[in-house]
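Trainee: Please give me a close look at how the charged side chains pair up here, and at what surrounds those pairs. I would like one connected account that I can follow along the model.

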Amino acid sequence: MSPAPLLQLRRLVKNYGGVRALRGVDFDLHAGEVHALLGENGAGKSTLIKVVTGAHAPNEGTITIAGEPVSGLTPTSARALGIACIYQQPALFPDLTVAENIGLRLETASATRRVDWKARRERAATLLARIGAAISPDAEVRALSMPEQQLVEIACALGAGARIVIMDEPTASLTQKEQHLLFAVVRELSKSGVGVIYISHRLEEIFDLADRVTVLRDGESVGTHPVGAMNEASLIRLMVGREVAQIYPPSESAAGEVVLALRAVGCAASGVRDVTLEVRAGEILGLAGLVGAGRTELARVLFGLTPADAGDIMLNGRSIALRSPQDAVAHGIAYVPEDRRRHGVVLEMPIAHNMTMAIHRRLFIGAWLRFGAERSLALEFIRDLAVKCAGPDAPGGSLSGGNQQKVSLARWLATKPKLLILDEPTQGVDVGAKSEIHKIVRRLAKEGLGVILISSDLPEVIGMSDRIGVMGGGTLRAILPAKSDPHAVMAAALGTTEKGAA
Amino acid sequence: MKRYFRELSVVAALGAVLLGLAIFAPAFFQPQPLLSLVTREAPTLVVACGMALVIICRQIDISVGSMFSVCSVCAGLLAARGWPLALVLPAAAALGAILGAVNGILVAGLRLPSIVVTLATMVTLRQGLNLVRQGEFVNLPDSVQWFGLSQSAGQWALVVAALALLIALGVAMRHLAIGRFVYAVGTDAEAARLAGIRPQLVTFLVFVFIGVLTGLAAMMNIAQSPQVQPLSGMGLELKVIAAVVVGGVAISGGRGNLWGAFAGLLLLACVAPALTHLHIEAYWEKAIQGAIILLAVVADGVRSRKGGGNT
């Protein structure tokens with residue numbers, strides 16, 4: 001390989017508050033190389049990209065580009081140095097033409113400059129031709145398919161003289177045919193001397209495309225290897241290979257009646273297809289999978305947000321229709337959404353109001369709010385779940401992440417549900433609150449609730465679940481028993497085995 | 001206390017203005033002119049209550065002025081045909097409900113931005129009314145003016161009715177589930193949806209409701225004069241939006257209450273008579289009202305920046 005790598009990262013550290021997202025990562029990218037970056041959710045891939053593209057500054061470590069050390073990288077200076085990132089969702093202006101979009105990126109902006117339309121079109125045509133894309137420069141971006149938009153992004157990157165192209169899960173929403181088109185372009189890029197950092201969860205793509213692979217785990221690089229020297233099993237071992245250090249509360253409940261039974265449930269709009277599973281009272285069914293596997297989408301189907309258009313949903317043995325959240329609430333299904341900061345807890349509203357938001361029909365007897373009842377209910381949950389707050393009148397935004405999660409949980413426990421769906425309940429929650437939430441969830445199951453626990457935290461989903469459903473590509477890939485081997489879960493999530501041992 | 005700081009500051013400003021008037025222009029407090037002033041503002045208060053709900057729900061309705069005119073003229077025509085008041089009043093409210101429902105369907109059903117929808121209905125209704133009526137006044141039978149009561153009894157009736165409505169709505173917003181829904185939807189519609197509330201339905205109902213209130217307000221207005229002017233609602237939307245915003249209802253939704261809107265309305269309504277009594281030229285009225293609105297908006301802006309939107 002050439003003497004000076006295109007990109008060299010040494011001992012890169014990035015902290016977000018108390019969370020160490022990168023703990024001293026080394027990484028090299030050579031010219032003409034496709035270098036795959038692999039890791040579980042939260043392993044540090046996104047953070048690494050953000051540092052390299054200048055979006056976030058590292059706390060420690062050095063970045064060297066083509067032998068030149070750089071510091072104080074910003075998005076603008078990164079672009080000037082030839083670093084380009086192609087995201088899953090292209091960031092183009094849908095109402096402008098391809099040529100206009102490329103022009104906006106590449107032409108030096110001066111508000112009063114006259115636009116040379118001819119040159120703009122010609123440049124766009126040349127760039128598109130270079131990557132072999134059959135896209136008209138005059139096409140409106142809105143009319144292009146997702147991969148075509150990605151190709152436009154790549155054309156922009158090339159036009160800007162990019163030497164380092166980062167692709168973040170570019171194939172996540174592509175069909176097989178579109179993938180091949182994209183792969184051809186990636187190979188073309190690397191042949192012309194561009195270094196490509198390729199991030200994907202799909203192992204077969206990595207074997208197909210990459211020269212070397214670096215695996216990240218918990219913010220650390222666990223090794224860089226030539227792809228030829230690896231196989232699926234060895235990659236999975238690198239990705240997972242960690243001790244389950246945390247202690248999880250033991251399962252104490254015997255699973256009872258079937259609460260929820262799904263038969264071949266699908267929803268074309270959200271990509272969920274052919275899901276068959278059962279959840280029993282007193283049981284925690286974990287849902288593992290990688291980002292985009294369809295777990296949240298399934299939860300949204302079960303909560304009536306994107307109603308199912310195929311299959312049967314049975315609750316306590318009766319077939320039910322879930323067309324809206326109101327239906328779901330009426331049937332005793334509760335959904336604690338992921339991303340509580342945005343939609344779980346209303347930050348401006350007092351804690352008490354937040355907790356009673358889903359039970360107005362019960363609390364407002366004759367539609368008349370009894371403040372006393374609301375207050376005592378809120379106090380009860382605050383005590384029961386040990387919410388650390390100034391009182392029921394304090395706004396939701398005044399709480400820490402873990403306590404907000406408890407408020408969100410309380411809102412749904414107040415509905416006295418039969419089935420509780422938890423979507424990433426401990427994401428962004430500190431360790432102490434995390435184990436408290438684990439204990440609460442375990443206790444709820446013991447009290448006879450059916451729980452579906454969606455989590456990207458592999459030790460958590462393995463440690464907490466009575467059974468582990470593994471999803472991928474919008475469907476259930478396997479159901480594994482409690483305390484399964486993390487490798488088996490990861491293998492099922494990646495789709496390398498058909499069915500795990502049941 | 002801290003939670004209602006914004007409302008209390010408006011009340012304090014109002015108190016200061018009234019105190020100033022008591023010292024420098026005690027004539028302001030003569031009962032009969034004061035009652036007339038309050039009566040004139042009674043219909044505005046009713047519409048302002050509706051506007052407060054709409055804005056708390058993170059929407060806006062600028063068609064209220066045109067709706068007001070249309071309801072006034074239609075109610076006047078019905079009364080002129082000899083319909084008894086007991087029928088004209090519900091008819092005006094029903095017409096308002098229908099007009100509000102049109103806005104509601106477009107905003108909540110088709111998810112169009114309310115400012116554009118109500119701008120369109122504002123212009124359409126106003127021009128439609130001009131076209132049909134050619135600016136003609138409607139002469140009312142005597143039974144309509146002051147509801148057939150004596151002037152002072154009629155004035156009192158209007159003021160009491162408007163205040164009763166304000167109190168009923170203010171309590172309802174606090175004690176009825178739908179009131180809480182309006183706040184929830186205005187703060188975070190997606191969170192409300194995830195909590196099993198139907199944001200689109202709530203939004204629709206709020207638009208219908210402001211229509212009903214506007215219809216009632218139109219009745220309260222035509223009862224004050226022997227004729228219906230077809231342009232009686234011109235500029236009403238700005239007046240009520242200003243009152244609501246001055247009263248501490250956040251234009252970004254989810255925050256504020258009817259009591260604040262009431263105080264805001266009184267504060268703005270005091271400006272013109274105060275100038276008269278203090279012998280200041282009336283040209284200053286709009287400038288001072290504008291300054292009050294600007295002050296309120298700036299105060300909200302500073303506040304939300306400091307609080308990070310959390311408090």
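Mentor: At a relative accessibility of 29%, Asp312(A) counts as partly exposed, because that class covers the values between the 20% limit for buried and the 50% limit for exposed. Please keep in mind throughout that this is a predicted model. The partner of Asp312(A) in a salt bridge is Arg263(A), with 2.9 Å between the closest N and O atoms. This pair links distant parts of the chain, since Arg263(A) belongs to strand 11 (residues 258-267) of chain A while Asp312(A) belongs to strand 14 (residues 310-315) of chain A, 49 residues apart. Arg263(A), too, is partly exposed, its relative accessible area being 47%.

Another link of this kind is the salt bridge between Arg10(A) and Asp28(A), whose closest N and O atoms are 3.3 Å apart. Here again distant parts of the chain are joined, with Arg10(A) in strand 1 (residues 7-16) of chain A and Asp28(A) in strand 2 of chain A, 18 residues apart. Arg10(A) is partly exposed, at a relative accessible area of 29%.

From Asp28(A) one can step to Glu33(A), because Asp28(A) is among the residues that Glu33(A) contacts once its neighbours within four places in sequence are left aside, a contact being heavy atoms within 4.5 Å. The others are Val194(A), Gly195(A), Val196(A), Asp211(A) and Arg212(A). Glu33(A) sits in the loop between strand 2 (19-29) and strand 3 (34-39) of chain A, and with a relative accessible area of 1% this acidic residue is buried. A polar atom of the Glu33(A) side chain lies 2.8 Å from the backbone nitrogen of His30(A).

Turning to chain B, Glu190(B) and Arg193(B) form a salt bridge with closest N and O atoms 3.3 Å apart. Because these two residues stand 3 residues apart in helix 8 (residues 189-194) of chain B, about one helical turn separates them. Both ends of the pair are partly exposed, Glu190(B) at 23% relative accessibility and Arg193(B) at 26%. Elsewhere, in chain A, salt bridges with shared partners join Asp384(A), Arg443(A) and Glu447(A) into one network. Over all chains, a search of the whole structure finds 22 salt bridges.

That leaves the boundary between the chains, where the rule finds 1 salt bridge. Its side chains are those of Glu374(A) and Arg180(B), which meet at 2.8 Å, N to O. The same rule-based search finds 4 residue pairs in polar contact across this interface. On the side of chain A that touches chain B, helix 10 (325-330), helix 11 (340-344), strand 18 (368-369), helix 14 (371-384) and helix 15 (401-413) each supply at least two residues, and the largest share, 3 residues, comes from helix 10 of chain A. By class, this side has 19 nonpolar, 6 polar and 5 charged residues. In total, 30 residues of chain A are in contact with 23 residues of chain B, and the two chains bury about 2,400 Å² between them, 62% of it on carbon and sulfur atoms.

As for confidence, the predictor gives the complex an ipTM of 0.81 and a pTM of 0.77. Chain B has a mean pLDDT of 91, with 97% of its residues at 70 or more, although over residues 307-311 of chain B the pLDDT is below 50, and that stretch has 7 contacts in the model beyond near neighbours in sequence.

Note on methods: Residues are numbered from 1 along each chain as its sequence is written. Chains are lettered from A and ligands numbered from 1 in the order in which they are written. This is a predicted model: local features need pLDDT of at least 70, side-chain atom pairs count only at pLDDT 80 or more; totals for chains, interfaces and linings use all residues. Side-chain values use heavy atoms; hydrogens and water are left out. Helices (H or I, at least four residues) and strands (E, at least two) are DSSP runs, numbered from the N terminus. Buried means under 20% relative accessible area, exposed over 50%, partly exposed in between (1.4 Å probe, protein chains only). A polar contact is a pair of N or O atoms within 3.5 Å; within protein, one must be able to donate a hydrogen and the other to accept it, and residues adjacent in sequence count only if both atoms are side-chain atoms. pLDDT is the predictor's confidence in each residue, from 0 to 100. Buried area is the accessible area (1.4 Å probe) that two parts lose on being put together, summed over both. A salt bridge is a side-chain nitrogen of Lys or Arg within 4 Å of a carboxyl oxygen of Asp or Glu. Ala, Val, Leu, Ile, Met, Phe, Trp, Tyr, Cys and Pro count as nonpolar, Asp, Glu, Lys and Arg as charged, and the others, Gly among them, as polar.
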